[in-house]
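Here is a friendly briefing on side-chain packing. Take a look at the model first, then read on.

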Amino acid sequence: MIVHDILVSARGRLLGDCSASVVSGDDNVHVLSIRVMDGERDTDYGLFDAVALRFKRADNIACEGIGQLTASGVVYTLQSAELAVPGALTCEVRLYSADGSRLTTAQFAIQVRAGLDGPVSVPGELNTLAQLITQTQAQMSVVQGWIDNPAQFKGDQGEDGTSFTLLGLYPTLAALQAAHPFAAVGDAYAVGSTGENHVYVYGEGGWTDFGRLQGPAGPNEINAQTAAAGFGEGSYLGSVGGKASAMPAPIPASQKGAANGVASLDAGMKVPLDQLPQGAGNGLDADKLDGKHANEFAQVLSSGLVAPTWYDMVLQNGATVSGRKPQYCKVNGVVYFRGNVAINTTADIQFTTLPVGYRPGLDSNYGSLAPSVSGTGVNRGLWFSHTGGLSATTGAVGGALSAASTYSLASIQPYLAEG
């Protein structure tokens, strides 16, 4: 574990030299130990209940995580998502008090350096590498000779294929790469159809296209076996004991893109969208995937890839469900809310009681309740009791209260639970 000590000002400027530097993708655990200074003294951390750190990577993608308040400052462990992009990682600290106010510090930057990835050759490996290069170049020279002058190999009778053997036929290069991502140097496969295809040979750079290979066949090269397999003139034929051996027949076109068949490929070598399986619920869209919204995925990612458990809220005093079911969860000690609740009175109303472990430590105001549909009403005051009571108050924000309004619980500011 590597600890980086950082001084940051609560007055809008960086104190000292923030020389923290990390390597993207390394195995070390990097911990930020941050002191927030008010002038020449530490900020009184006892005034705050929660802390969050907001980051901006070099590719302008924002990340956010929850830190830990201690008697001497803020402690935060950098996550892999924040270190994924080399460059300056800009950060600010946000301290939250019990009354909902926030203190945002000056920004500071952490340098994320790219790792020195890639293969390293040692002297003992150089001879082996040179031998492989020489063998590959020799094989390429032989194949190129066949391409340039295929007629020189014509004979009255087919010969043993000892110099060059095609090991199979694949419909596309992608199919060949999927089946054989690695192979022995010099291995060769045909890619295309039985009547029109190219030869691909494996070398140091992977699979290389050597073009179309075609030459006149001897009288014994096309026999009853190849005709029955559907191989026509110009097909690739392996040679076993002087006789041609046919390759497996390709997948029939009638099975491509059909039920219980295989997916077809479009012009970009991709499976068409209409042949992909549908997602749960109403299918796939940008904001909702398999019943989850984007903000819920953000909470899942920030909690270490462990999906939170949402609990149904038990409503009281005439409050009812409106649309999405009101629920609450806890992630890393922070309580979140979602769903809608209908309140049919302008008086103070306690509409639920939260269980132990999900309550704030003190009686306090945590912001306000916003209408679930913009423009249909005004915000109401929101009061939390340390005994679990959650109440909508008569305090209206921005206008007069309506006798019946629906409110979104997602507008409630997350807070640290008691204990």
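What follows covers the nonpolar cores, the aromatic pairs and the charges over rings.

This is a predicted model, where local features need pLDDT of at least 70, side-chain atom pairs count only at pLDDT 80 or more, and totals for chains, interfaces and linings use all residues. Residues are numbered from 1 along each chain as its sequence is written, and side-chain values use heavy atoms, with hydrogens and water left out.

**Nonpolar cores**
- The largest nonpolar core (buried Ala, Val, Leu, Ile, Met, Phe, Trp, Tyr and Cys residues joined through side-chain atoms within 4.5 Å) has 25 residues, and Ile-34, Leu-53 and Phe-55 touch the most other members.
- Strands (DSSP E runs of at least two residues, numbered from the N terminus) that each supply at least two residues of this core include β1 (2-9), β5 (50-56) and β9 (87-96).
- The largest share, 4 residues, comes from β9.
- Another core lies apart from this one, with 21 residues, among them Tyr-328 and Tyr-407.

**Aromatic pairs**
- The structure holds 10 aromatic pairs (Phe, Tyr or six-membered Trp rings with centres within 6.5 Å; planes under 30 degrees apart are stacked, over 60 edge-to-face, the rest tilted).
- Tyr-189 and Trp-207 are edge-to-face, because their ring centres are 5.7 Å apart and their planes at 80 degrees.
- Tyr-202 and Trp-207 also pair edge-to-face, with centres 5.1 Å apart and planes at 70 degrees.
- Trp-207 is buried (under 20% relative accessible area, 1.4 Å probe, protein chains only), at 11%.
- Ring pairs link Tyr-170, Tyr-189, Tyr-202 and Trp-207 into a cluster.

**Charges over rings**
- The charged end of Arg-338 sits over the ring of Trp-310, 4.0 Å from its centre (CZ of Arg or NZ of Lys within 6 Å of the centre and within 35 degrees of the ring normal).
- Lys-330 has its charged end over the ring of Tyr-358, 4.8 Å from the ring centre.

Note on methods: Buried < 20%, exposed > 50% of the residue type's maximum accessible area, 1.4 Å probe, protein only.
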